[in-house]
Amino acid sequence: MAELAGTGARVGLNYLKYYGQRAISPQTSEPALRVGLDEVNARAVYGTFSRLKGGPLKLAQMLSMDENLLPPAYAAQFAQSQYSAPPLSWPLVRRTLEREFGQSVEALYDHFSPEAAHGASIGQVHIARRAGKKLAVKVQYPGVAESMRSDLRVVKPVALQILGLREEDIAHYFTEVEARLLEETDYAMELRRAQEIADACADLPQVRFPNFYPDRCSARVLTMDWIEGLTLDRYAAGDAPQAERDHIGQALWDFYQHQIHVLHLFHADPHPGNFLVSEGHLCVLDFGCTRAITPEFHAKQFAFLNPELLESNQRLETALRSMDVLLPGDGPAQQTKIMDLARTSVELLTRPFRAGRFDFADPSFIRAIYDLGEANRQDRELLSLRGARGRAESVYVNRAFFGLFSLLHRLRAVVDTGRGSVSIVGA
Amino acid sequence: MVHLVRRINLAFLAGLEHRVGKVRRIFYAMDQTPHELPPLRQRIEEAYLHELRSEGRPPVSVFRFCHRLGITEREFYAEYPALEAVERHWWRGMMERVIHSVESGAEWSDFSARQRMLAFLFAYVEAALDHRSLLLMRLGHKAPIQPVPEWSALEERFEDFARLQLMHGRTRGEIVSRGPLTAVYPKALRLLLRSVTAFHLKDDSPKFERTDAFIEKSVTVLFDLMGRQALDSGFDLLRFLVPGMMRRA
């Protein structure tokens with residue numbers, strides 16, 4: 001903990017700035033970008049968080065470091081070390097399966113690989129076979145659910161210090177993140193959500209979902225079809241032609257619009273490892289992090305996609321109050337500050353929607369989003385604003401969109417953004 | 001669509017009940033001794049345990065014990081040198097059964113020493129669920145380094161088993177001989193057994209999951225120490241334990 005306490009907010013900011021720039025222009029030569037950055041500090045921060053692993057690491061990712069903006073080398077490490085526990089031993093995997101299902105591994109599957117094929121967020125995935133089908137069996141690390149709460153409690157003050165935030169202002173965000181992280185340890189919940197989303201998205205032809213096998217699923221084990229394909233980051237880094245990239249990007253866009261606007265239940269962790277490209281289709285895996293929203297919240301949150309808000313101060317103010325971003329106690333100067341910020345944010349984040357057809361390869365767009373975030377973090381006036389602002393649900397909605405934009409940027413896809421978004425603009 | 005989800009949930013729950021029954025059947029099978037006790041020894045053992053479990057203390061005197069059982073003292077002393085020996089022998093029998101169950105596993109001969117110790121400890125804590133109240137009685141208030149007289153025969157049996165596995169590990173190069181330090185290894189494994197038991201008795205996580213994690217991490221640390229690896233696993237174990245320590249603080 002002493003290590004973390006020594007890592008100040010300034011280091012965190014520099015770290016983010018460095019990563020943001022590198023992500024936007026990965027081909028640029030490194031030395032130029034390294035000027036002005038204390039690289040040793042950045043590595044120390046990353047090293048410290050990855051050593052904490054589990055809850056703390058995920059919390060850090062949630063609050064500040066979107067792994068999609070990290071430079072490839074670090075992003076790869078973050079992706080691999082999502083929980084960063086050593087792999088489960090074969091005797092432990094065997095025991096977990098026997099404990100969960102009351103049958104030996106041999107009775108449960110025709111074949112089961114003792115070594116994990118790859119890691120998952122808080123577990124690992126094994127290849128198995130049953131009735132001629134190749135299966136992916138996800139086994140959770142024992143004790144994670146128990147540790148999650150205490151891990152979060154331990155890291156919270158440190159994260160606050162690094163980010164320069166006050167506890168009372170973001171308490172509701174922590175509660176939200178904690179609730180989602182705890183949900184993630186219940187694979188039975190993941191099964192239910194996965195089936196709900198898959199059923200509701202059955203009409204999207206380009207999006208595929210694995211079959212789950214409920215009689216081999218429990219709170220700690222999930223069994224589903226094994227799908228061959230490339231994870232989205234590897235696909236994006238490959239040499240797929242533009243038309244194909246656009247196709248996959250469109251599938252991803254339509255999938256998200258459908259979930260958020262029609263289903264009001266969405267896959268809230270748009271991490272490239274959660275998507276595969278298989279046989280020209282987008283396949284969605286890992287429903288560990290999903291978020292349901294009420295129609296009421298949905299209406300308020302997406303009222304921001306109305307371009308008329310940008311022209312009318314009155315309407316913008318009303319919308320901000322309805323989302324608890326503007327609070328009754330705010331004076332005129334604070335109000336102006338927040339509304340200016342909101343105006344800039346809304347313009348930027350709704351640009352893809354208003355364009356009708358948007359090229360996500362455009363580096364200036366991602367850079368503008370990043371710069372906005374950084375400017376906000378360094379803004380003294382903004383940091384001095386008190387009060388618990390914003391709705392807790394926004395954390396994951398914003399993360400979902402932010403992540404979506406980052407994925408599409410990586411894909412360099414050109415997407416029709418007017419399709420599928422049910423009466424959003426001009427609502 | 002909601003109906004579909006609900007049907008799946010109901011089916012899952014129905015299956016679960018059936019499976020819980022099965023778990024008990026698998027592990028009760030382990031309780032059948034590979035070498036059946038002669039009838040008198042078995043009666044003595046059962047009567048002793050019955051009194052221990054129901055009264056919370058062992059039989060007070062040989063005389064009364066024999067009288068209740070309807071045997072003579074001579075018959076008793078033909079089987080056991082003292083009342084305490086009954087319990088010692090029973091605990092040893094429990095250890096024997098666990099060892100037998102893992103050694104007769106199909107993968108045993110292919111397992112490394114580390115994997116064998118893991119498999120053994122998992123089987124051990126599973127078997128311990130049948131005797132939790134007795135374990136609490138005998139070990140619940142003792143630190144892992146404090147001796148437990150009732151466990152002396154069990155620990156001897158375990159140590160024999162542990163030495164065999166260490167030899168197995170040495171032949172495979174998994175465990176490194178470090179001269180005088182090597183003599184410590186069996187003692188370390190005995191301490192591990194006691195630590196795992198202590199942890200298990202205090203564990204209140206669902207399905208005792210945390211004990212599984214503790215076993216995994218401590219075996220890793222111990223075998224890394226006995227082997228050639230660096231000590232990252234120590235940090236992992238500490239991190240696993242630290243939140244708990246901070247909770248108690």
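Helix α7 of chain A is mostly covered: 11 of its 12 residues are buried. A residue counts as buried if 20 or more other C-beta atoms lie within 10 Å of its own, as exposed if 12 or fewer do, and as partly exposed in between, with C-beta atoms placed from the backbone. The buried set includes A:Trp90, A:Arg94, A:Arg95, A:Glu98 and A:Phe101. Helices (H or I, at least four residues) and strands (E, at least two) are DSSP runs, numbered from the N terminus.

This is a predicted model: local features need pLDDT of at least 70, side-chain atom pairs count only at pLDDT 80 or more, and totals for chains, interfaces and linings use all residues. Residues are numbered from 1 along each chain as its sequence is written, while chains are lettered from A and ligands numbered from 1 in the order in which they are written.

α7(A) covers residues 90–101 and reaches 17 Å from its first C-alpha to its last. That is close to the 16 Å expected at 1.5 Å a residue; the expected span is 1.5 Å times one less than the number of residues.

**Positive phi**

Just after α7(A), A:Gly102 takes a positive phi of about 70°. Two residues other than glycine also have positive phi.

| Residue | Phi | Loop | Other C-beta atoms within 10 Å |
|---|---|---|---|
| A:Glu279 | about 50° | between β9 (275–278) and β10 (281–284) of chain A | 10, exposed |
| B:Phe208 | near 50° | between α9 (184–202) and α10 (209–226) of chain B | 20, buried |

**Nonpolar cores**

A nonpolar core is a set of buried Ala, Val, Leu, Ile, Met, Phe, Trp, Tyr and Cys residues joined through C-beta atoms within 7 Å. The largest has 113 residues. Those with the most contacts inside it are A:Leu252, A:Leu282, A:Leu408 and B:Leu121. Helix α6 (residues 113–128) of chain B gives the largest share of this core, 10 residues. A second, separate core of 10 residues includes A:Phe304, A:Leu326, A:Ile338 and A:Ala342.

Contact means that the C-beta atoms of two residues, placed from the backbone, lie within 7 Å. Not counting residues up to four places away in sequence, B:Leu121 touches B:Val196, B:Ile215 and B:Val219.

**A:Arg291**

A:Arg291 is found in strand β11 (residues 290–292) of chain A. Why is A:Arg291 classed as buried? Because 23 other C-beta atoms lie within 10 Å. Leaving aside neighbours within four places in sequence, A:Arg291 is in contact with A:Arg180, A:Phe266, A:Ala268 and A:Tyr396. A:Pro205 is 86 residues from A:Arg291 in sequence and 23 Å from it in space, C-alpha to C-alpha.
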